[in-house]
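Here's a quick briefing to go with the structure. Have it open in your viewer while you read.

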Amino acid sequence: MATTGAATSLLSPPSLHRLTATGTTSASFSFLRTSSPSSFPLLFSSRIPSKIPSESSAIKSSSSTTFTESQDLKVNTIPTKPIEGQKTGTSGLRKKVKVFMQENYLANWIQALFNSLPPEDYKNALLVLGGDGRYFNKEAAQLIIKIAAGNGVGKILVGKEGILSTPAVSAIIRKRKANGGFIMSASHNPGGPEYDWGIKFNYSSGQPAPESITDKIYGNTLSISEIKLADIPDVDLSSVGVSKYGNFSVEIVDPVSDYLDIMEEVFDFSLIKSLVSRPDFRLTFDAMHAVTGAYANPIFVDKLGASQDSICNGVPLEDFGHGHPDPNLTYAKDLVNIMYSDNGPDFGAASDGDGDRNMILGRQFFVTPSDSVAIIAANAQESIPYFKSGPKGLARSMPTSGALDRVAEKLSLPFFEVPTGWKFFGNLMDAGTLSICGEESFGTGSDHIREKDGIWAVLAWLSIIAYRNKNKKPGEKLVSVADIVKEHWTTYGRNYFSRYDYEECESEGANEMINYLRDLISKSKQGDKYGNYTLQLADDFKYTDPVDGSVSTKQGVRFVFTDGSRIIFRLSGTGSAGATVRIYIEQFEPDVSKHDLDAQVALKPLIDLALTVSKLKDFTGREKATVIT
Ligand code: VG1
Ligand code: CO
């Protein structure tokens with residue numbers, strides 16, 4: 001599916017001086033000299049993407065446009081009105097793409113963001129822009145560039161073709177000392193004209209904007225009255241180089257190179273290559289037609305010597321090939337089938353829309369994300385050069401299983417439990433108390449950047465496997481993914497874990513269920529009996545950030561029992577329609593003879609209890625979960 005819209009601009013761009021990466025042409029280009037106000041209406045009408053109804057123009061054409069000058073860059077002030085519902089969720093603002101295409105919808109949010117930042121954070125500053133390649137990204141990129149320029153940003157670095165994974169944006173912000181960056185992605189939500197779009201803003205440390213900023217943005221979306229739009233032509237995103245417009249410039253960068261540099265600093269690539277290039281080791285990486293398609297070949301094939309056919313669905317597509325780019329057992333079924341086939345590969349992994357999630361599989365073996373982060377933490381020091389002095393501390397989101405807690409205890413490391421969402425890890429990393437962290441939702445990462453990082457997790461696992469097998473001769477049996485996990489359980493015990501998702505329920509019923517549970521916990525007390533379980537505590541998780549003291553409340557209703565078992569209920573903050581109910585179930589099993597059960601079998605009594613306690617069926621009408629992990 002080809003993207004049109006901005007590319008079909010009726011305004012012929014004035015000739016501009018485009019610098020090549022080596023830069024020989026002279027610089028400054030004055031827009032004032034080469035454009036006339038009469039061309040503005042054409043510019044605005046060109047914003048109407050051809051595939052959507054005309055009332056859905058991303059920015060309104062307005063006859064009451066006023067013009068101001070900012071040095072030699074012309075800035076138009078476009079009147080606008082507040083739009084309801086632009087509140088950021090767990091990770092950015094996500095809506096159906098049609099909502100974002102409505103008049104001024106995206107422009108309002110971007111302008112509200114600039115209205116929320118202190119001027120020193122963006123005036124003449126360097127920002128980064130990229131996304132996962134989904135439908136509407138190219139049009140959105142042009143609009144964001146123009147609003148950034150209109151607000152006095154000095155320079156914006158944009159991934160070629162608008163492509164940058166979420167971890168790459170974080171990496172580039174840090175490496176180039178940028179003041180922040182935009183990520184155009186609805187992450188694991190599907191893409192295409194009927195599906196989702198999203199926007200996230202990350203701050204100068206590369207971390208997702210904290211609630212203090214996103215709350216301000218939301219406040220400003222409710223009072224916004226004008227948008228500052230620079231009058232510059234659409235930028236050619238297709239080749240690396242610099243374009244200058246007065247004091248503003250745009251540099252198109254290779255999406256992979258800065259990120260790859262960081263990966264090469266973190267990992268021992270020659271160790272990984274020694275594994276990946278073995279004839280008796282085969283891997284499969286499923287990019288799910290999402291952004292890691294752009295990274296998989298340069299990293300796994302070109303750098304590490306994997307065979308070309310080890311990458312599947314490796315071309316990023318605007319609709320992810322009609323897929324749901326969420327690497328779990330349901331949506332990454334292709335990979336699961338390959339890994340569970342006779343004589344399947346030794347190692348399999350997948351990543352999501354924007355490349356920050358990962359799923360790890362061995363041959364006929366699934367590694368839960370909660371186990372994955374614990375195993376990476378336990379093995380990091382010996383297998384990964386970045387951690388050669390040992391991790392500084394470990395952390396997980398509240399619903400993630402307690403497997404990581406046990407590693408922290410054994411290694412005597414500081415340990416933190418934070419609410420769901422990566423933004424809560426950044427402060428701890430900046431304070432130097434956290435190195436490795438994860439979420440049960442297939443998110444794993446470290447303080448090398450300030451986002452979860454899918455390819456990092458794959459390289460971490462390959463490092464661990466490579467280290468364990470580095471002295472194995474050809475033909476000798478290799479230590480497998482399953483061996484590593486089972487050995488971990490033997491040392492630490494096994495935390496059985498499962499998550500049940502009920503996607504797109506009616507909001508009303510889902511909210512009533514959560515209110516009912518909140519009421520129930522307020523009446524509960526220690527020692528209450530729930531079937532065979534005895535209550536230790538029941539609460540709605542509240543977190544006080546130990547670094548800045550900020551408090552986040554209502555982060556999930558949890559029932560913790562005296563044997564350490566937990567059932568947890570949350571509503572998703574990343575959906576774009578209705579409400580998604582998530583139930584998390586966990587039980588610890590120290591007995592090695594009971595480690596080989598199917599998680600659904602081991603957890604059956606607790607799962608039944610969770611469904612009874614919550615009256616989920618009564619409130620939502622749902623008999624079955626949409627996704628079970
Ligand atoms: C989900 C996950 C959460 C993750 C978030 C963003 O949020 O549960 O752990 O941080 O998605 O991941 P929620 O509110 O829907 O449960 V991503 O890869 O979509 O940026
Ligand atoms: Co993601």
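Asp356 is buried, because its relative accessible area is 1%, under the 20% cut-off for that label. Asp354 lands in the buried class too, with a relative accessibility of 0%. Keep in mind that this is a predicted model. Both aspartates turn up again as donors to the cobalt ion (ligand 2), so let's start with the metal and then move on to ligand 1.

**Cobalt site**

- Four protein donors hold on to the cobalt ion (ligand 2): Ser187 through OG, plus Asp352, Asp354 and Asp356, each through OD.
- Those donor atoms lie 1.9 to 2.1 Å from the metal.
- Along the chain, the donors of the cobalt ion (ligand 2) are spaced as S-x164-D-x1-D-x1-D.

**Cavities**

- The structure has three cavities of 30 Å³ or more.
- The largest cavity offers about 250 Å³ of space.
- A set of 25 residues lines that largest cavity, and Thr90, Ser91, Arg357, Lys452 and Thr574 are the ones closest to its centre.
- Sorted by class, the lining of the largest cavity comes to twelve charged, ten polar and three nonpolar residues.

**Ligand 1 and its surroundings**

- Where does ligand 1 sit? The space it takes is the largest cavity.
- Ligand 1 has 20 residues around it, with Thr90, Ser187, Ser572, Thr574 and Arg582 coming nearest.
- Which classes make up the shell around ligand 1? The split is ten polar and ten charged residues, with no nonpolar ones.
- Ser187 is worth a second look: this residue is among the nearest to ligand 1, and its OG is also a donor to the cobalt ion (ligand 2).

**Polar contacts to ligand 1**

- On the side-chain front, an N or O atom of Ser441 sits 2.6 Å from an oxygen atom of ligand 1.
- Ser572 likewise puts a polar side-chain atom 2.6 Å from a ligand 1 oxygen, and Ser572 is one of the residues that come nearest to ligand 1.
- Gly573 joins in through its backbone, with a polar atom 2.6 Å from an oxygen atom of ligand 1.

Terms used:
Residues numbered from 1 in each chain as written. Chains lettered and ligands numbered in written order. Predicted model: local features only at pLDDT ≥ 70, side-chain atom pairs only at ≥ 80, totals over all residues. Heavy atoms only, no water. 1 Å grid on protein atoms, 1.4 Å probe; cavity = no way out; pocket = protein on both sides within 12 Å on 5 of 7 lines; lining within 4 Å. Points joined across faces, edges and corners; volume = space filled by probe spheres on them. Nonpolar A, V, L, I, M, F, W, Y, C, P; charged D, E, K, R; others polar. Near = heavy atom within 4 Å. Polar contact = N/O pair within 3.5 Å; in protein donor to acceptor, adjacent residues only side chain to side chain. Sits in = over half its atoms within 2 Å of the grid points. Donors = N, O, S within 2.8 Å, 3.2 Å for Na, K, Ca; no water. Buried < 20%, exposed > 50% of the residue type's maximum accessible area, 1.4 Å probe, protein only.
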